[in-house]
Amino acid sequence: LEVGDEDAFNLHRGTEFLHRKLFDAGISHEYRYIDGADHLGNTISTRFMYAFAYLNQALNPPPADDTLQSLHRYIRQLERQAGLVE
């Protein structure tokens with residue numbers, strides 16, 4: 001989700017609402033709220049570059065990073081010892 005805070009169509013209100021609903025529901029997503037941006041205007045080219053980069057990563061995800069697996073196992077062990085998880 002991406003929107004400018006000065007959107008002429010007031011889409012920033014609906015986009016913010018949708019972001020909050022997704023966040024509250026625990027649905028993974030990205031949200032960019034651009035200060036000073038209208039629906040189009042001089043920020044659109046930069047915003048399109050970010051959007052295309054996001055789509056590229058979604059369609060061609062990087063390989064899994066296994067370098068931190070031992071750290072994550074250690075953290076889970078500490079959480080279990082502390083009674084934070086089963």
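Biologist: What makes the contact between the side chains of arginine 47 and glutamate 2 a salt bridge?

Modeller: In this predicted model, the N to O distance between the side chains of arginine 47 and glutamate 2 is 2.4 Å. The cut-off is within 4 Å, for a side-chain nitrogen of Lys or Arg and a carboxyl oxygen of Asp or Glu. The pair is therefore called a salt bridge. The link joins distant parts of the chain, since arginine 47 is in helix 2 and glutamate 2 is in strand 1 (residues 2-4), 45 residues apart.

Biologist: Why is arginine 47 called buried?

Modeller: Its relative accessibility is 8%, and buried means under 20%. Arginine 47 therefore counts as buried. Its partner, glutamate 2, has 30%. That value lies between 20% and 50%, so glutamate 2 counts as partly exposed.

Biologist: How many salt bridges does the structure hold, and which other pair is there?

Modeller: The structure holds two salt bridges. Besides the pair already described, the side chains of arginine 20 and glutamate 16 meet at 3.0 Å, N to O. That distance is within 4 Å, so the term applies. Both residues lie in helix 1 (residues 11-24), four residues apart, which is about one turn of the helix.

Biologist: Are arginine 20 and glutamate 16 buried or exposed, or in between?

Modeller: In between. Arginine 20 is at 45% relative accessibility and glutamate 16 is at 24%. Neither value is under 20% or over 50%, so both residues count as partly exposed.

Biologist: What makes the lining of the largest pocket nonpolar or charged, by class?

Modeller: The lining has eight nonpolar, no polar and four charged residues. Leu1, Ile44, Phe48 and Ala51 are among the lining residues, and Leu, Ile, Phe and Ala count as nonpolar. Glu2, Glu30, Arg32 and Arg47 also line the pocket, and Glu and Arg count as charged. The pocket holds about 270 Å³ of space.

Biologist: Which element gives the largest share of that lining?

Modeller: Helix 2 (residues 44-59) does, with seven residues. Arginine 47, of the salt bridge with glutamate 2, is one of the lining residues, and Glu2 is another.

Biologist: Which residues make the nonpolar surface patch?

Modeller: Phe48, Phe52, Tyr54, Leu55 and Leu59 make a patch of about 570 Å². Membership requires over 30% relative accessible area. Phenylalanine 48, in helix 2, has 43%, so it passes that cut-off. Phe48, Tyr54 and Leu55 are also listed in the lining of the largest pocket.

Biologist: Why is serine 45 called partly exposed?

Modeller: Its relative accessibility is 46%. Exposed needs over 50% and buried under 20%, so serine 45 falls in between. Serine 45 is in helix 2. The C-alpha atoms of serine 45 and glutamine 57, 12 residues apart along the chain, are separated by 19 Å.

Biologist: What is notable about the phi of asparagine 10?

Modeller: Asparagine 10 has a positive phi of about 60° although it is not a glycine. Most residues other than glycine have a negative phi. Asparagine 10 sits in the loop between strand 1 and helix 1. With a relative accessible area of 39%, it is partly exposed.

Biologist: How do you know that leucine 18 is partly exposed?

Modeller: Leucine 18, in helix 1, has a relative accessible area of 40%. That lies between the 20% and 50% cut-offs, so the label is partly exposed. Leucine 18 and leucine 55 are 37 residues apart in sequence and 19 Å apart in space, C-alpha to C-alpha.

Key:
Residues are numbered from 1 along each chain as its sequence is written. This is a predicted model: local features need pLDDT of at least 70, side-chain atom pairs count only at pLDDT 80 or more; totals for chains, interfaces and linings use all residues. Side-chain values use heavy atoms; hydrogens and water are left out. On a 1 Å grid over the protein atoms alone, a cavity is a set of points where a 1.4 Å probe fits but cannot get out, and a pocket is an open set with protein on both sides within 12 Å along at least five of seven lines; lining residues have an atom within 4 Å of a point. Grid points are joined across faces, edges and corners, and a volume is the space filled by probe spheres set on the points. Helices (H or I, at least four residues) and strands (E, at least two) are DSSP runs, numbered from the N terminus. Buried means under 20% relative accessible area, exposed over 50%, partly exposed in between (1.4 Å probe, protein chains only). Patches are made of residues with over 30% relative accessible area and no salt bridge: like charges are joined within 9 Å, nonpolar side chains (Val, Leu, Ile, Met, Phe, Trp, Tyr) within 5 Å. Accessible areas come from the Shrake-Rupley method with a 1.4 Å probe; for residues, only the protein chains shown count as cover.
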